[in-house]
Amino acid sequence: VVGGETGTPLLENVIAIAIGQMHAYALLSTGEVVAWGNNTYGQLGDGTTVSHNVPTYVKTTPSKRLTNVKMIAAGGNNGYALTEDGHVYAWGDNQANQLACGDSDTHYFPVAVVDKNGEPISDITTIDGGMFFALLLNSDKTVYGTGAYKGTHLDKSGSYYKTNSYAELVKGGETPNYYLENVTAISAGFSHAMAIVQENDSQYAVAWGDNKFPNLSDTRGGQLGIGQSS
């Protein structure tokens with residue numbers, strides 16, 4: 001990969017990468033992020049919809065770069081950045097409210113992920129992105145979901161369930177708690193998710209979302225690992 005806007009012949013000082021559907025991000029040791037690839041939805045975070053075949057900086061304004069980033073994640077057509085102070089910023093496609101920024105608009109620069117009160121989410125330690133959603137692991141070991149984190153949100157009629165324009169706590173399901181708690185790791189797939197939960201002296205995996213792929217009428221699937229594909 002060439003250096004692009006970084007000014008070096010090859011892209012250097014990279015400490016993490018994240019890949020979306022048709023775009024990519026690299027986190028640099030400076031705490032800045034560069035992106036390249038398709039930019040139809042503003043997923044490169046440079047304030048435009050112009051695609052780039054070389055790395056370009058993710059910016060907060062036309063002249064200011066996003067900084068202080070310690071972790072990155074890619075959605076299908078959007079991006080996420082976790083900053084050193086535990087806040088999360090998102091940009092790009094927002095058709096399923098996957099940016100969780102308080103509105104359903106596409107954003108070409110990073111915006112803060114907020115809770116149901118419109119306050120920026122804080123104390124996040126880990127992030128991961130799916131096709132139309134993200135998972136955010138909190139320092140208290142609960143998990144926030146954004147967008148279609150419950151699985152496919154669209155069916156033939158155009159809507160299966162309503163997504164919210166803010167991040168919300170993932171419920172506990174079969175675990176002993178109302179909300180998913182004691183989580184030590186998260187992972188987001190295309191339209192399903194998994195987490196590792198610590199209960200007493202044991203760790204186990206939980207999964208939720210779609211159990212068929214690529215559509216809910218397909219006979220293939222089984223990604224939840226529950227012994228069936230329905």
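1. A residue counts as buried here when its relative accessible area is under 20%. Ala100, at 0%, is therefore buried. Keep in mind throughout that this is a predicted model. Ala100 sits in the loop between S9 and S10, and its phi is near 50°, a positive value in a residue other than glycine.

2. Asn13 makes a nice counterpart. Its phi is also positive, about 60°, although Asn13 is not a glycine. You'll find Asn13 in the segment before strand S1 (14-19). Is Asn13 buried or exposed? With 53% relative accessibility, Asn13 counts as exposed, because the cut-off for that label is over 50%.

3. On to the hairpin. S8 and S9 form one with 4 residues between them, and Gly86 in the turn has a positive phi of about 85°. The two strands run antiparallel and are joined by 5 bridges. If you want a pair to click on, Asn78 has Gly92 in S9 as its bridge partner.

4. S9 has another partner, too. Strand S10 (residues 107-112) is joined to S9 by 3 bridges, again antiparallel. Here Tyr89 is matched with Ala112 in S10. As for covering, 4 of the 5 residues of S9 are buried.

5. Now the core. As a general point, nonpolar side chains in soluble globular proteins tend to be buried together. In this model the largest nonpolar core has 17 residues, and those touching the most other members are Val88, Val113, Ile124, Ile127, Leu136 and Ala167. Which strands each supply at least two residues of this core? They are strand S8 (78-83), strand S9 (88-92), strand S11 (124-129) and strand S12 (133-138). There is also a second, separate core of 15 residues, with Phe133, Tyr149, Val197 and Val206 among its members.

6. Leu136 deserves a closer look. Leaving aside neighbours within four places in sequence, Leu136 is in contact with Val88, Val113, Ile124, Thr126, Ile127, Thr142, Val143, Tyr144, Thr146, Ala167 and Ile186. Val88, Val113, Ile124, Ile127 and Ala167 are also among the core residues that touch the most other members.

7. Next, the open sheet. In what order do its 4 strands come? The order is S11-S12-S13-S14, with antiparallel pairing. S11 and S14 are the edge strands, and each pairs on one side only. Between S12 and S13, which run antiparallel, there are 5 bridges. Ala134 stands opposite Thr146 in S13.

8. Thr163 is worth zooming in on. This residue lies in the loop between strand S13 (143-147) and strand S14 (168-169). Why does Thr163 count as buried? Its relative accessibility is 11%, and the label applies because buried means under 20%. The side chain of Thr163 has polar company all the same: one of its polar atoms is 3.0 Å from the backbone oxygen of Ala96. The Thr163 side chain also makes a polar contact with the side chain of Asn97, again listed at 3.0 Å. Not counting neighbours within four places in sequence, the contacts of Thr163 are Ala96, Asn97, Gly147, Ala148 and His153.

9. Then there's the largest pocket, with a volume of about 370 Å³. Of the 17 residues that line this pocket, Gly173, Glu174, Val206, Ala207 and Trp208 are the closest to its centre. Which strand gives the largest share of the lining? That is strand S17 (residues 202-209), with 5 residues. Val206 turns up twice in this note, since besides lining the pocket, Val206 belongs to the second core.

10. Last stop, Val54. This residue is found in strand S4 (residues 52-57). At 31% relative accessibility, Val54 counts as partly exposed. Leaving out residues up to four places away in sequence, Val54 touches Val2, Gly4, Ala35 and Trp36. For a sense of distance, Val54 and Ala134 are 80 residues apart in sequence and 26 Å apart in space, C-alpha to C-alpha.

Technical notes: Residues are numbered from 1 along each chain as its sequence is written. This is a predicted model: local features need pLDDT of at least 70, side-chain atom pairs count only at pLDDT 80 or more; totals for chains, interfaces and linings use all residues. Side-chain values use heavy atoms; hydrogens and water are left out. Buried means under 20% relative accessible area, exposed over 50%, partly exposed in between (1.4 Å probe, protein chains only). A polar contact is a pair of N or O atoms within 3.5 Å; within protein, one must be able to donate a hydrogen and the other to accept it, and residues adjacent in sequence count only if both atoms are side-chain atoms. Contact means heavy atoms within 4.5 Å. A nonpolar core is a set of buried Ala, Val, Leu, Ile, Met, Phe, Trp, Tyr and Cys residues joined through side-chain atoms within 4.5 Å. Two strands pair if DSSP finds at least two bridges between them. On a 1 Å grid over the protein atoms alone, a cavity is a set of points where a 1.4 Å probe fits but cannot get out, and a pocket is an open set with protein on both sides within 12 Å along at least five of seven lines; lining residues have an atom within 4 Å of a point. Grid points are joined across faces, edges and corners, and a volume is the space filled by probe spheres set on the points.
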